[in-house]
Amino acid sequence: TNKVQHLPTMHLRLGMQGWHDAATGFLLFSLGTGRRIQYVISKGGSEALLQALTTTAQTEPLDHSILLPLLRLLARVGQRDRKFGLKVQKAEATDTILSLARRSLGHHLHLTHCLWVLQVCASNVTTGTTLGINGAMELLFKVITPYSKRHIRTVRAAIEALAALLKSSNRRAVSRGYLGGLLRLYQDWHRNDVSNNYVYIRRGLLLCLKHITNIQLGRETFLFSKGMEILFTSVQDCLSCKNLDPIINTVIQILRKCYPKEPLPVATVRSSYSFPLPGNAKAEPPCEGSEGDYESDGEEEAEKDLDSEEEESKEEDYDLETDVNKLRSKAVLDRPEEELGQYKAMCPELSHNFQSLEDRTESLLSAPSHSIPNATSVKHPNYRLRNQSVTEMGPDPGEKDFKVPRQSWTNKEIHRWDQTDEKRDIAETAQDAHSCEDPARNHVLIAGGSLDCSDIVTNLLEKHQGDIPFHSPHFYITRAKRVKSIPDYKDLAFPDFWGHQPPPYSKPMLERKYGVQRDKVLDDVRRLIQPDDVIGRTVFDLDDPGAPGCLTFFSKFESGNLRKAIQVREFEYDLIMNADVNSNQQHQWFYFEVRGMKLAVPYRFNIINCEKFNSQFNYGMQLVMYSVKEALQGRPRWLRAGHDICYYKNHYRCSATAGRGVKGNFYYTLTFSIKFPHKDDVCYLAYHYPYTYSTMMSHLDILERSRNPKKVYWRQQTLCQTLGGNLCPLLTITAMPESKKRDDLEQFCNRPYVFLVARVHPGESNASWVMKGTLEFLVSNDPIADLLRKCFIFKIVPMLNPDGVINGNHRCSLSGDDLNRQWLTPNSQLHPTIYHAKGLLYYLRSIGRAPLVFCDYHGHSQRKNVFLYGCSIKETLWQAGCMVDTAVITEDVGYRTLPKILDKVAPAFVMNSCSFLVEKSRESTARVVVWKEMGVLRSYTMESTYCGCSHGLYKGLQLGTQELEEMGSKFCLGLLILHLKSLPCSKKVMSQAALLLDLEEEITDRTQSCSNSSQEIDDEPPCVEEVDYNADSCSDGEEDFSELDQEIQEYLSWVEGKTEDDEVTMRDSYKCL
Ligand SMILES: [Zn+2]
C-alpha cells in the first residue's frame, strides 16, 4: 500500500521542472542492475518516464538531449515492467511514440531510439494492437530494407519492433500481404550475408515469420507462399555452423508449426480390440468428432501449450488433500460384511492343521506336485510358432472344454485347476517338446532359412533347457495355451517362449547426440518438401492384415502392441501403437516383431502416436531389442538398443472430441534408429523388457517346484477370474512351522502379514521384473530369506491386471478403466481383481490382521531411480502450507523407516525421490485406500524407472532386468530389517539376524523422527539440446532483457567511436548522460 500511495506524489512532482532531477536520479539505474530498475518501477518510474516523454514530445523544437536518454530509459524500464502496456495506454503514449518515429524517419539515430521504445510497447498485446491500427506496421516496412550495410542498426531495431508487433497484429499483416514480403526479405538477407555478420537481422525476420504464423491464416499463407521450401532450403546452408543455432532453431520452430496438421493415419483412434462388457456397463469411449477439425483448435498453439504445462505444475499443490478428516484413516466397508467370509479360504495358513509334521509336505500339498503324472495321449499345443499355417496345427481337444463360468468359481474348481489340469498339461508339453519331429513346426523360428532344420532347433531347445534360471519354454507354452485374449492369439513371441538372460554387463545411458532432434524434424519436413523418395505404403495393419513390405511386422501375440506400420522411405517406418482395449488413448507400450532386415543399414522407426509430453527417451533411455539369431547362438537376451533417439511433438492431432478433457490434442513422436545385428533375422522391439502373463504363470510353476517344501510354505490360489476369463493368482508364502509344538504353531499363525501386488498397469513390465526378484528371493535357500519367512506371512498378487498385460494394453483393463483408480469403490463385475484384493484385505483387517506393510509395484516413465510413494497426513498438510496442530494430529513416522532402509541396502533405490504426500487425484489408488481404509501405516507404491539411475552405484547406467530383480530381493531384505527394527523379536531371531546381517548400526539407530520433508525434486536437468517437445519452445530468448540492453549499449559505444556529422547530436546527448 505504501507504494500505491507514492504514485500520485511522483506524478505530481514531475513536470518539465522535475524531469531534470528525475533524470539525474535515473542515471543510477540506467547502468544499474535489473533489481534496481524493478525498484524504480515499483515507485512509479514508468509512469513518470511516460509523462516526461509526452511533455518533451510537445516542446518545439524537440530537445534531443533530453529525448534520447529518455527513450533509452523507457526501453530499458518498459521491457521489465509487466504492466507497461497498461501504463502506456493510460498515458496515451502510443500516438506520441508513433509520431516521434514518423518525424525521425530521416534521422537514423533518432529513429532507432523511437524503434526501441516501439518494440517494447508492441510487446504488449493491447498496445501492440493499437500501434498496428495506427499504422506502425507500414511505418516499419518503410525502414526495413533488403540486404544493405547502411543503417544496419536502424534496420535491426525496426525488424525487432516488427517482430514484437506481429505478436498481436499478425492477422492484419497477413491480410495486407506482408508475409510474402517478409519471406523475400529473409531470402535476400540469407543469400547476401555470406559471412554471417547479420545473424540478428536474419533471426529477427524469422521471428516476424514465427509470430505471423501463429494464426491459421498465417500458416496457410506461409504454405501457399512456399515458405516451407524456402526455409527448409535456406537452413541447409546453416546446419554445419554451430554459431547459427539461433537461426536454425527458429526455422525449425516455424517449420514444425506450419507443417500441415493431420489426423493419425488410422480409421479411428479407438483400439483395434474391443471387449463387450457384462451387464449394462458402457465400453464406448467418447466418440470422435467429425473429420477436418484438426486445424481449428491449433489457432494459437504456442500459447495453449504453455498454459497446459503451467496448469499441470499448479495443479500439483492444489491437488494436495488438506481436509484432515479425509486424511484420517477410516474403517469403512464398501460391501456387506457377510461377504468377507469367502476370503477365509484364501488364508489357508490360518486354519491349517499340521497334524503330521513328519510328512508335512504331503499334508500341505493335497496332490503330489513334484511327481509328474504320465499323460496317456500327447496333445499338440494350440500354439504354433510364427508363420506356421493353421492347417499344420493339430486339433486341440481338451483346451476349449475347460470353462470357468464368470464370477462363479468355487474353491473346488480352483483346486481342480491348480492341482490337476496344470500338472497334466505340463507333462504333455514336456513330452510334446521332446517328441517334436514335425519340421514344419520349428523351421519358422527363423525366417530366411538359415536355420531351417527342426533338428537344430530341437537340439538347441534341449541344450537350452535349464540354461535360464527360473524359465522353461515348455512351461511357457503350457501356460500360454490357456490364455484368453481378445485377438485370440495363435502365435508366441520368441523371446517370451525361449527366455531372457540378462547380459553380463550394464549399459550406460545413451549420450544424446548434438542436434539429433532438429535433424529428425528436418528429415520429417523433407517428406513434404522432397516427396520423391516417400513411399507411404502401409506394410502392417492390425485392422487390415496382409500387406507385405520390405520389413515384415507382427504383433498378434501376448502383450504385443503394434497397430500399424507405414513404410515412409526405403529404411524408415512410421509406427502406430494400438490404444488400450475399449479406449482411444494410452499409447505408450509397444512390443512387436520385425523381420526381413538388411545388414548394417540403420533403420529409422518413428512411433508417431505417443501421448506424454516428455519422455525419458530424451534423457538417455533406450528401448529393448531381442534377436532370435543371437538367442540361438547362446545369447538369449533383451538388450538396450537404438541410437539417434529423441522424443518430440509431431504434426498429428487428435480430433477435438476424441481428445477432449483427456490429454490435450497432441501426439508426440518417439524416433530411434536401429542397426540389426544380423541379416534376415527375426527381432523383437519393445518399450521395456516384456514380461507376459504366461511368463508369470510359468514362473510360478517353476518356483513352486524349486522351493524346499520342508522349509517353504507355498500356496498358489486364484484370487478370482478376470473379465477376459483369465485367472488371477494369489500366493501365500511363509516358513513352515519349526515343529508341531504348540508354540511353534502359534508363532506360525501369528506372523504379521505383508501384502504385495504388482502390474496393475500392464505397460509397467519393470514392476513384474521387480516382483520376480521378490518371489525368487522369498522361496530361495538364502538364510536371510529363511529368516524373513519366519517373520512374515506374504500374501502376493503378482499381476493385478492379467487381461491388460495379455492384450498389450498400457494402462487399463478390458473395461477401459485404470484399475489403480478403482480402489475406493471397485465394481465386482468390472474390476474383479481389485474388488477381491480389497476384499481379502478387508478380511484380514476384520480378523485383526491388517498387514504391516502393503506395497504396490509400479513403473515410472518420467523419472529415474526406484523410489516409494507413501502416505503422511503431516507431510501433506505441511506441504500444502496448512497449520498443523501437532496436539490434535499425531502420526507415527514409521512410514519412513522402510524407505530409509531401502536407501541403504538397495543400490537402485533413492530416498530423496520418495514422497509421502496424499493427493486428491490419487484418492482411489491402492496405496491411499489401503492406508486409509485398512489403517496400514506402511502403505506404499514402489516406482521403478524404465530408464536408469541418477544416484548411487548404478549412476549413469540403464537398469536391466538383473537390477530390477535385485531391487525385488533387496526389498525383502528391507522388510527383514524393518521387522527387526520395528517389531518385538524373539531372541532367537535376533541372534540369527545378527549372524547374517551387519546390523549393529541398523538396529541401534532406532527410527528417528524425520519430520522435515526434505524432498528433493529430481526433475531432469536441461538437455544439452533444448528439448523442444513443444512445437513452440519458449527458449528463443525473447524474454531475455539483456538482449535489448546490449543492443542499446553496443549502439552507444559504436556511436562513441563515430565521427560522422550526422551523429554529432547523438554524441552530445550521450555525453550529457
Ligand atoms: Zn503405474
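What follows is a set of questions and answers about this predicted model.

User: How many helices and strands does the protein chain have?

Analyst: Let's start with the overall make-up of this predicted model. Buried residues account for 60% of the 1073 residues in the protein chain. Of the contacts between residues at least 6 apart in sequence, 79% join residues at least 24 apart. As for secondary structure, the tally is 43 helices and 18 strands.

User: Which protein atoms are donors to the zinc ion, and how far away do they lie?
Analyst: Along the chain, the donors follow the spacing H-x2-E-x93-H. In atom terms they are His761 (ND1), Glu764 (OE), Glu764 (OE) and His858 (ND1). Their distance from the zinc ion is 2.1 to 2.2 Å.

User: What arrangement do the four donor atoms around the zinc ion make?
Analyst: Four donors count as tetrahedral if all angles lie between 85 and 135 degrees. Here the angles subtended at the zinc ion run from 59 to 147°, so the arrangement is irregular.

User: How many residues apart are Glu764 and His858?
Analyst: Two of the zinc donors are Glu764 (OE) and His858 (ND1). They link distant parts of the chain: Glu764 is in the loop between β14 (753-758) and α32 (765-778), while His858 is in strand β16 (residues 853-860). The separation is 94 residues.

User: Is His858 buried or exposed?
Analyst: The cut-off for buried is under 20% relative accessible area. Glu764 falls below that at 7%. His858 has a relative accessibility of 3%, so His858 is buried.

User: Which residue does UniProt list for "active site", and where does that residue lie?
Analyst: The UniProt entry, which is unreviewed, lists Glu943 under that heading. Glu943 is buried, with a relative accessible area of 8%. Leaving aside neighbours within four places in sequence, its contacts include the zinc donor His858, along with Asn865 and Phe867. The residue listed is Glu943, and its place is strand β18 (residues 938-945).

User: Which residue has its charged end over the ring of Phe867?
Analyst: Phe867 is one of the contacts of Glu943. Over the Phe867 ring, 4.6 Å from its centre, sits the charged end of Arg863.

User: How far is Lys649 from the ring centre of Phe666?
Analyst: This is another charge over a ring, with Lys649 lying over the face of Phe666. The distance to the ring centre is 3.7 Å.

User: What kind of aromatic pair do Phe494 and Phe497 form?
Analyst: The model has 38 aromatic pairs. In the Phe494 and Phe497 pair, the centres are 6.2 Å apart with 70° between the planes. Planes over 60 degrees apart count as edge-to-face, so this pair is edge-to-face.

User: Why are Phe494 and Phe497 separated by about one helical turn?
Analyst: Both rings belong to buried residues, Phe494 at 3% relative accessible area and Phe497 at 4%. They sit in helix α26 (residues 494-498), and the one-turn separation arises because they are three residues apart.

User: How many residues apart are Phe590 and Tyr687?
Analyst: These two form an edge-to-face pair, 6.0 Å centre to centre with 75° between the planes. Phe590 is in the loop between β4 (572-576) and β5 (591-595), and Tyr687 is in the loop between β11 (682-686) and α30 (693-706). Both are buried, and ring pairs link them into a cluster with others, including Phe592 and Tyr946. Along the chain, the two residues are 97 residues apart.

User: Which elements do the buried residues of α16 pack against?
Analyst: Seven of the ten residues of helix α16 (residues 227-236) are buried, so this helix is largely enclosed by the rest of the structure. Among those buried residues are Met228, Leu231 and Phe232. They pack against α13 (178-192), α14 (199-212), α15 (216-224), α17 (245-258) and α27 (516-529).

User: Which residues is Thr112 in contact with, leaving aside neighbours within four places in sequence?
Analyst: Thr112 is in helix α8 (residues 108-122). At 0% relative accessibility, it counts as buried. Its contacts are Arg153, Thr154, Ala157 and Tyr1051.

User: What is omega for the cis peptide bond that joins Glu60 and Pro61?
Analyst: Pro61 is in the loop between α4 (45-58) and α5 (64-80). The bond joining Glu60 to Pro61 is cis, and omega is about -10°.

Definitions and conventions:
Residues are numbered from 1 along each chain as its sequence is written. This is a predicted model: local features need pLDDT of at least 70, side-chain atom pairs count only at pLDDT 80 or more; totals for chains, interfaces and linings use all residues. Side-chain values use heavy atoms; hydrogens and water are left out. UniProt positions are given in the numbering used here, feature names are shortened, and annotations may be inferred rather than shown by experiment. Helices (H or I, at least four residues) and strands (E, at least two) are DSSP runs, numbered from the N terminus. Buried means under 20% relative accessible area, exposed over 50%, partly exposed in between (1.4 Å probe, protein chains only). Contact means heavy atoms within 4.5 Å. Rings of Phe, Tyr and Trp (its six-membered ring) pair if their centres lie within 6.5 Å; planes under 30 degrees apart count as stacked, over 60 as edge-to-face and the rest as tilted. A charge sits over a ring if NZ of Lys or CZ of Arg is within 6 Å of the ring centre and within 35 degrees of the ring normal. Donors are N, O and S atoms within 2.8 Å of the metal (3.2 Å for Na, K and Ca); water is not among the atoms, so sites may look incomplete. Four donors count as tetrahedral if all angles lie between 85 and 135 degrees; four count as square planar and six as octahedral if opposite donors are over 155 degrees apart and all others between 65 and 115; anything else is irregular.
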